[in-house]
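Hi,

Here is the model we talked about, handed over for you to look at. My notes follow below it.

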Amino acid sequence: MRVLAPAIGFGLVSGAILAIAAVGFTLQFGVTNVLNLAFGEVMITSAYIAYLADAAGWPLWALVLVAAVVGAIASFLLNALLYGPFIRRGIGLFGMLIVALAASLIAQNALQIIFGARFLTLRIPAGRSFHLLGMVFTTAQLGIIVIAAMTLLIVRVILRQTRLGKAMRATATDPALARTCGVQTDRVIGAAWAISGALCGIAGLTFVVNLGSFQSTTGGEILVPIVAAAILGGVGHPAGAVLGALTVAMASELSAAFLDPAYKGAVAFAVLILVLLWRPQGIYAEVVTQKEAVA
Amino acid sequence: MNDDLLSVHGLGRRFGGVVAVADASFGVGRTSIVGLIGPNGAGKSTVLSMIAGSLRPTSGTISFDGRELSGTAPHTAARRGIIRTFQTPSEFARLTTLENLLAGARATRGFTVGGALLGRRWWRSDEDRLVERAIGLLRRFDMLPMANEYAGKLSSGQKRLLELMRALMAEPKLLLLDEPFAGVNPTLSRRIEGYLARLCAEDGITMLMVEHEMGAIERICHSVVVMAQGRVISRGTMAEIRGDKKVLDAYLIG
Amino acid sequence: MSEAWQFYISTLLVYLGVNVMACWGLNLQFGVAGLLNFAFIIFQAIGAYAAALVTLGPHDPDSYQDYIFGAHLPFPLPILAGAVAGGLLALFVGVIALRRLRSDYQAVVMLVVSLIAASIATNAVGLFNGAPGLSLIPKPLASTLDVSLVGYQWFYVGLVAVCCLIVFVITKRIQSSPFGRSLRALRDNPDAIAALGGNVGTLRIRAFVIGGAIAGASGALLAGFIGAWSPASWDYRETFVLFTAILVGGTGNMLGAALGALLVPIAFLEASRFIPSFGRPGLVEALQWVVIGGVTLLFLWFWPRGLLPERKRTYTVPEG
């Protein structure tokens with residue numbers, strides 16, 4: 001029991017971070033159908049740029065903004081310069097995966113060439129420790145949860161209340177139909193990459209703050225949990241992605257606490273492979289949509 | 001007991017809450033061409049898929065050549081003699097036309113790993129025989145000039161012919177044709193009609209054909225099964241069902 | 001030719017042979033049968049470990065290496081053990097993980113299999129000695145052959161050449177047979193081949209297992225040559241290198257796969273060890289990966305069929 005509460009606390013924090021990333025991933029994947037395996041590298045790129053801003057003395061809220069903007073631009077360019085052209089060339093889903101992996105490899109190693117192989121740390125202090133119901137949080141971690149909540153709220157408002165958001169949801173459900181209804185799919189796709197990129201950047205920043213230090217390969221480490229959370233939640237369903245993220249994060253932290261910490265990453269592997277082999281359409285999508293139908 | 005090659009009793013299929021096919025019963029007599037018609041969404045393709053084995057029925061039975069068939073996998077149904085063609089082009093694009101036909105043939109020496117490893121000398125004569133058969137088919141369907149062309153490069157009409165020839169290489173007892181005339185120009189349509197009619201009359205191949213092209217149905221089908229909204233609403237010759245009020249209503253509503 | 005040069009050339013040739021074998025195996029799975037085996041490297045790795053285990057001898061509790069099994073099998077059984085291990089692992093993985101999934105999901109499943117295997121190899125200490133890997137693997141026939149060090153190198157080149165020849169015959173016969181044609185049909189349209197009587201599952205598993213066995217044999221040869229093997233060999237990026245190799249050389253074409261093996265893992269990666277290390281440690285390696293990624297993208301864009309595309313198989317057909 002003494003181990004359970006702190007583990008749940010860790011699960012909440014990493015779940016919050018994972019939720020931001022998973023929502024970003026699922027929005028983009030849902031609208032564009034591209035499995036962006038370079039997502040982790042965009043996260044880390046945003047973290048690196050935020051590191052530079054941090055070294056220049058910028059405050060935390062500015063760092064969040066920087067991360068969001070860098071993430072948005074990087075993702076947008078990634079699509080505009082790489083994925084988009086290949087899709088128009090008619091390359092097919094597996095070809096796109098190879099393209100994404102190649103992009104991931106290039107980005108990881110380019111980051112290492114530019115920034116070196118050292119581990120870097122942001123200067124944001126962890127702050128005091130708070131004890132809540134047996135769980136332990138630092139100020140930074142509470143801040144992360146707040147950032148996650150605010151970000152996800154903003155996304156929800158965008159998706160539900162704005163025309164762009166509705167257009168994105170329409171394109172994710174049925175691109176051909178959306179086009180005939182006058183939705184300008186190219187703009188929607190660009191916006192999806194930018195919004196998802198912003199989420200990606202924020203997730204990257206919060207991830208490295210929580211982790212402590214990072215380097216060029218750190219992004220790759222979190223990719224599997226993100227994809228697992230997004231697919232578990234049903235591709236294109238942000239609410240599902242949040243549930244998926246909490247599930248993966250909790251399962252990882254609990255298994256690390258009660259079993260072998262070395263296998264923490266293995267939980268995410270297992271979730272992803274089981275969901276793909278057994279129920280690739282996800283588990284939470286139906287739960288969430290049924291709730292919406294009833295409510 | 002009837003001597004139908006294929007008979008279907010109370011066949012049904014649900015997808016979650018949606019009933020695609022309910023209580024469908026009909027028979028396909030030996031060496032006959034039966035048309036399966038009905039408005040869009042009537043469940044015709046679903047019935048075809050269940051017979052071909054790519055969908056499991058949720059109720060009812062299928063019996064083929066005297067044996068129970070329901071729930072078999074597509075390749076097992078095919079090995080028993082049920083060969084289906086597809087609505088959308090499904091050629092093996094990176095194989096040549098001739099190779100497509102050879103790929104459709106029943107397994108001979110060389111089709112297994114062991115046979116392959118024993119080398120060309122082991123399977124050469126079987127293969128030569130298959131090549132002869134394939135060339136014969138190509139000649140019969142006037143496709144000989146395209147023999148060494150990549151199947152992906154053929155026109156859509158030629159791809160239809162290819163699928164038909166490929167199905168014939170598999171030595172079918174029952175051919176399931178899924179809209180063989182859809183999107184085909186009238187001249188080629190007539191040609192295909194001719195081929196199908198001769199395949200039935202001369203080679204004794206039985207056919208069940210889903211089609212919207214009423215002219216073709218009238219000209220070559222011996223009898224017709226009409227479906228609407230998942231149910232069989234009429235059976236008989238074209239003349240009989242034409243006067244059937246239920247059929248007229250279905251087409252007006254559906 | 002000086003001894004140093006002989007060492008270098010013979011080493012390159014051994015690596016070339018092993019990579020050509022691996023590329024032929026991957027080509028059979030991916031180029032011919034269309035199987036998206038993004039876990040390919042684990043079959044080579046398990047072959048290497050199997051060969052190591054059956055030559056290191058039973059585990060000695062006092063030694064610093066901790067592993068399962070262990071035997072002293074004579075040459076050439078360890079190579080066969082590698083092939084069998086590769087084939088069995090392929091059977092296991094294939095039965096579980098090969099599904100009718102959209103192609104990118106299928107590749108991700110295989111990628112995750114690869115990551116899981118790497119994780120197990122690194123963390124399960126009693127299995128294959130965990131993170132440090134296995135070392136001091138005896139070289140095949142080293143004690144019985146009375147040759148100099150350089151002589152042994154050339155012997156190994158010959159050994160690899162013979163194995164390459166065997167793999168060549170196997171793969172060539174499969175690819176030019178009706179079975180190979182069924183695999184290519186499977187690649188192009190699995191539903192259609194099923195509708196014609198082909199058992200998709202069986203065809204897939206057969207191609208997967210044969211490819212896995214070839215990978216395992218290549219791993220066994222490599223382990224015997226290097227004398228050591230580590231979990232880094234299970235890294236998914238190694239699979240990526242081989243995919244790049246066959247994409248560059250030409251998928252579905254054996255000569256293309258061999259050419260790809262020559263150009264990518266050998267000419268680019270191995271030969272560039274010759275370049276003096278400049279800049280920070282790790283800089284050259286990082287640049288190599290950037291180039292590999294870049295080459296992949298270039299070829300996917302300009303020459304998606306590779307340098308030597310799949311040959312058309314024509315038959316003599318009478319005139320009308």
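How far apart are the nearest C-alpha atoms of chain A and chain B? The answer is 13 Å, and these two chains do not touch. Bear in mind throughout that this is a predicted model.

Contacts between chains

There are two pairs of chains in contact, and B and C are the pair that shares the most contacts. On that interface, 38 residues of chain B meet 31 residues of chain C. From chain C, α6 (149-175), α7 (178-188) and α8 (190-195) each put in at least two residues. The top contributor on this side is α7(C), with eight residues. As for chemistry, the side of chain C that touches chain B is a mix: 13 nonpolar, nine polar and nine charged residues.

Chain C also meets chain A, where 33 residues of chain C are in contact with 31 residues of chain A. On the chain A side, α4 (93-115) and α11 (264-278) each supply at least two residues, and α4(A) gives the most, with 15 residues. This side of chain A has no charged residues; it divides into 25 nonpolar and six polar.

Chain B up close

Chain B is split into domain 1 (6-91 + 171-253) and domain 2 (96-153), so to speak in two pieces of sequence for domain 1. The C-alpha centres of the two domains lie 29 Å apart.

Have a look at the open sheet in chain B too: four strands, ordered β2-β1-β4-β5, with antiparallel pairing. Why is one side of β2 (18-28) and of β5 (67-68) left without a neighbour in the sheet? Both stand at the edges and have a single partner strand each, so nothing in the sheet flanks them on the other side. Further in, β1 (residues 6-15) and β4 (residues 59-64) of chain B run antiparallel and are joined by five bridges. To find the register, start from Leu6(B), whose bridge partner in β4(B) is Phe64(B). Helix α1 (residues 44-52) of chain B packs on this sheet and touches β1, β2 and β4. The direction of that helix makes about 115° with that of β1(B).

Confidence

Chain A has a mean pLDDT of 89, with 96% of its residues at 70 or more. The stretch to watch is 291-295 of chain A, where the pLDDT is below 50 and there are zero contacts in the model beyond near neighbours in sequence. Where pLDDT is low, predicted coordinates should not be read in detail.

Cheers

Technical notes
Residues are numbered from 1 along each chain as its sequence is written. Chains are lettered from A and ligands numbered from 1 in the order in which they are written. This is a predicted model: local features need pLDDT of at least 70, side-chain atom pairs count only at pLDDT 80 or more; totals for chains, interfaces and linings use all residues. Two residues are in contact if their C-beta atoms, placed from the backbone, lie within 7 Å. Ala, Val, Leu, Ile, Met, Phe, Trp, Tyr, Cys and Pro count as nonpolar, Asp, Glu, Lys and Arg as charged, and the others, Gly among them, as polar. pLDDT is the predictor's confidence in each residue, from 0 to 100. Domain bounds come from an automatic or database domain assignment. Two strands pair if DSSP finds at least two bridges between them. Axes are lines fitted to C-alpha atoms, for helices over the stretch in contact, and angles run from 0 to 180 degrees between N-to-C directions.
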